[in-house]
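This report describes sheets, helix packing and internal space in a single protein model. The sequence and structure are shown first.

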Amino acid sequence: MHRVSDLLRTPAGRRLTLVAGPWDAREVGSVVLVDEMRELTTAAPGALAILSRHAMRSCDVLDALRLAGRGGLAGIVLPGPSGTTREIVELARRERVALLAGASDHSLSDTVLGLSAAVRADPGLLLRRTREAIDGIGAMEGAGEEDILRAASASVGVSYVVAGLADPGANATVIRVGGRPDGYVCWEGEDPAAAIVAQVVATTLGRVRAAAREAEAARERALLALLGAKDTRTAARRARHEGVPVDGWHVAVFLRDAGGDVSPGAADPVLREVRGAVAAWPGALGAGGTAELSAPPLVTRWQDGVLVLLTADERTTLNLPNSQRPPKQWPPALRSSILGRSALGAGLGTCQEGPDGLRRTAAQARAAAARAAAGEVVRFDRLGVHALLAELSGSDSALVAARDMLAPLDHLGALSAHAVPTLKAYLDSWGSRTRAAELLTLHPNAVAHRIRRIAEALDADLSDPQTRFALQLACHVVLDHDCFTVTVSGGQQR
């Protein structure tokens with residue numbers, strides 16, 4: 001550890017003059033610039049305080065020595081040459097504080113920087129500062145990123161920040177999660193202790209992020225299990241255990257993206273973009289933001305899109321219009337993720353309570369999204385007469401029944417790929433071959449031929465009202481789920 005006598009031999013210290021007091025009574029642990037005398041009372045023990053002229057206007061030398069002695073400082077540096085008296089000499093000796101005077105032609109900042117560099121270069125102090133910082137970080141098990149950065153910055157005396165990219169010339173060390181780069185810890189200055197501690201900070205943040213993502217993945221798995229469970233009570237119990245807020249009031253937003261990777265947790269651009277946008281979402285729901293979120297939004301891949309689940313402790317509603325571009329209440333990044341992608345539309349479920357309500361609002365949001373064009377937001381509660389079809393489209397049991405009903409059409413050879421769209425167009429047109437032909441861009445005779453083969457395969461009487469209604473409903477349910485590749489040919493199929 002350096003003492004004042006050691007610092008006086010450094011390039012920055014040679015410009016200082018010892019005026020009074022012992023020069024080796026205390027070890028120097030830090031160098032601080034004092035611009036107001038109250039800062040002298042908060043300096044760390046062992047500090048060498050460099051006083052500005054502004055600070056000396058409010059306090060004389062004797063008062064400064066008393067404050068420094070009371071705080072256990074190693075010494076104080078007065079601005080410019082200074083005289084002395086017997087009283088000053090006696091007080092400096094008694095308080096064990098070195099009193100030094102600076103050179104009038106040397107700036108305070110140069111003196112602080114030069115002496116600070118000399119102190120930081122001391123091996124003993126470097127090890128002590130590093131050990132104390134590492135011990136402090138180790139004691140913060142379970143803390144968040146901001147708390148860890150704040151504690152590390154305070155212990156070393158530099159400002160650590162996290163950045164996604166680091167400038168080539170900047171001080172930076174990489175954060176790794178699962179062996180892959182995941183950002184950088186950056187700082188300024190040439191402090192060796194800061195560089196060592198930065199490595200520990202980066203490693204700690206990597207562990208924090210890995211644990212947070214594993215917990216997030218566990219919540220996503222539990223949420224997906226609840227959405228598809230037959231035993232809701234058991235799935236809800238597991239979801240609670242994993243931190244899914246199943247017991248509040250839920251509103252679901254579904255972003256339909258048929259072209260993305262639908263595996264849960266997949267690192268696809270849509271999922272990343274939505275997660276980033278939702279992270280910046282204000283923690284309130286409703287018109288004017290009247291209901292606070294009770295938990296962070298859950299974002300996961302589900303079926304053919306991305307599900308965003310928002311939960312509050314009270315009944316609320318998300319202020320979104322029907323079939324319009326999202327208003328200003330939506331985060332800009334989420335708006336751009338919807339409007340900027342040709343394959344993306346959004347659906348909004350109604351506010352529902354509890355585990356069953358969570359499943360219901362998610363199914364509603366997905367059903368509404370199936371009717372949203374690119375860049376549109378469709379609210380389930382604004383679907384009107386189409387709400388029944390949307391509910392059925394979101395029902396797994398309805399989908400199974402519809403598939404079973406239309407399964408014989410899979411054996412029609414080349415016609416099988418066009419059978420369901422043809423039957424839907426025919427039934428939607430009230431049995432008009434001419435109107436169906438216009439919808440399918442076919443000749444009416446081709447439609448008649450297809451319908452005859454379809455009716456034979458289904459063994460169905462298309463003149464019976466109940467049969468027509470059931471088949472029309474099945475066609476809508478199946479096609480709304482994109483269960484078949486819809487490719488309507490302009491030619492005639494045999």
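The structure holds one cavity of 30 Å³ or more; a cavity is a set of points on a 1 Å grid over the protein atoms alone where a 1.4 Å probe fits but cannot get out. About 30 Å³ of space lies in this largest cavity, the volume being the space filled by probe spheres set on the points, which are joined across faces, edges and corners. Its lining residues (an atom within 4 Å of a point) are P245, A295, P296, P297, L298, L309, L310 and T311. Strand 13 (residues 305-312) supplies the largest share of that lining, three residues. By class, seven lining residues are nonpolar, one is polar and none is charged; Ala, Val, Leu, Ile, Met, Phe, Trp, Tyr, Cys and Pro count as nonpolar, Asp, Glu, Lys and Arg as charged, and the others, Gly among them, as polar.

The model is predicted: local features need pLDDT of at least 70 and side-chain atom pairs count only at pLDDT 80 or more, while totals for chains, interfaces and linings use all residues. Residues are numbered from 1 along each chain as its sequence is written, and side-chain values use heavy atoms, with hydrogens and water left out.

Helices (H or I, at least four residues) and strands (E, at least two) are DSSP runs numbered from the N terminus; two strands pair if DSSP finds at least two bridges between them. The two open sheets are set out below.

| Strand order | Pairing | Average turn between neighbouring strands |
|---|---|---|
| 6-8-7 | antiparallel | 35 degrees |
| 1-5-4-3-2 | mixed | 30 degrees, direction ignored |

In the three-stranded sheet, strand 6 (161-163) and strand 7 (171-177) each have a single partner strand, so one side of each lacks a neighbour in the sheet. Strand 7 pairs with strand 8 (residues 180-187) in the antiparallel sense over six bridges, and N171 stands opposite W187 in strand 8. In the five-stranded sheet, strand 2 pairs with strand 3 (residues 47-51) in the parallel sense over five bridges, with S30 opposite A47.

Helix 9 (residues 192-228) lies across strands 6, 7 and 8, at about 25 degrees to strand 7; angles run from 0 to 180 degrees between N-to-C directions, and axes are lines fitted to C-alpha atoms, for helices over the stretch in contact. Helix 9 also packs against helix 13 (residues 354-369) at about 85 degrees, with axes 9 Å apart. Helix 9 is therefore roughly perpendicular (65 to 115 degrees) to helix 13. In contact (heavy atoms within 4.5 Å), L223, L226, L227 and G228 of helix 9 meet L358, R359 and A362 of helix 13.

Terms used:
On a 1 Å grid over the protein atoms alone, a cavity is a set of points where a 1.4 Å probe fits but cannot get out, and a pocket is an open set with protein on both sides within 12 Å along at least five of seven lines; lining residues have an atom within 4 Å of a point. Angles under 35 degrees count as roughly parallel, over 145 as roughly antiparallel, 65 to 115 as roughly perpendicular and the rest as oblique.
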